[in-house]
Amino acid sequence: MVDSEVCARLREMLGGELEGGMRTTAGAFIHSGRYYREALALGADPDPRIAFRASWGLECAYFLEPEAFLPHAGELVRRFAATANPSARRHYAKMLSDLLRRRGYRLAAADTEAVVEVCFSLLIDERTLVAVKVWVMEILVDLAPAHDWIADELRHTLLAQIPAASPGLANHARKVLRRLDRAAGIEK
């Protein structure tokens, strides 16, 4: 259950003027009290600045002690799939990628379907921020070993996008393609 007093305190902290170390301060506050639920709730705040800063602080708290966050991973997955805030989505995608790759987190079947659908939608949307595209590529690569069709779709999607992509995004896409090829036993 979300603590409304903690939400109010965190919202006040995040709503002020951006000062040096705000992310670290918010992240330390979230981490010290294990206020992950409250930060996730504020990540859906109607004020995009609060939503962004809450997700930013949550990311900082997450990387201080990822294992402490694991009980909230399912909520992160749901928020990632549901959020319309592109800035919050970047932080959620980065945390989700880390959960899948480094923490061995496994998505439930229904969550996998929702995450994959959102990731491919973001990947093909021209309005999606580059950083979000990079993280959704990582999420899809991490999910590909358990679902062969993901690797095939991702390969086709990336090959179609590389010619029009920015140099940085095209470079990352080529790296992802090489990883997919290695996983499939294809050496070039």
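This passage describes the two largest pockets of a predicted model and the surroundings of one helix residue. Residues are numbered from 1 along each chain as its sequence is written, and side-chain values use heavy atoms, with hydrogens and water left out. Because the model is predicted, local features need pLDDT of at least 70 and side-chain atom pairs count only at pLDDT 80 or more, whereas totals for chains, interfaces and linings use all residues.

Pockets were defined on a 1 Å grid over the protein atoms alone, as open sets of points where a 1.4 Å probe fits, with protein on both sides within 12 Å along at least five of seven lines, and lining residues have an atom within 4 Å of a point. The largest pocket holds about 240 Å³ of space, a volume being the space filled by probe spheres set on the points, which are joined across faces, edges and corners. Its lining consists of V141, D142, A144, P145, D148, A151, D152, R155, R179, L180, A183 and A184, and divides into seven nonpolar, no polar and five charged residues. Helices α9 (130–143), α10 (148–161) and α11 (167–183) each supply at least two residues of this lining, with the largest share, four residues, coming from α10.

The second largest pocket has a volume of about 190 Å³, and its lining, which includes I124, E126, K133, Q161 and L169, has five nonpolar, three polar and two charged residues.

S97 lies in helix α7 (residues 86–101) and counts as buried (under 20% relative accessible area, 1.4 Å probe, protein chains only), because its relative accessibility is 2%. Beyond residues up to four places away in sequence, S97 touches W135, E138, I139 and D142, contact meaning heavy atoms within 4.5 Å.

Note on methods:
Ala, Val, Leu, Ile, Met, Phe, Trp, Tyr, Cys and Pro count as nonpolar, Asp, Glu, Lys and Arg as charged, and the others, Gly among them, as polar. Buried means under 20% relative accessible area, exposed over 50%, partly exposed in between (1.4 Å probe, protein chains only).
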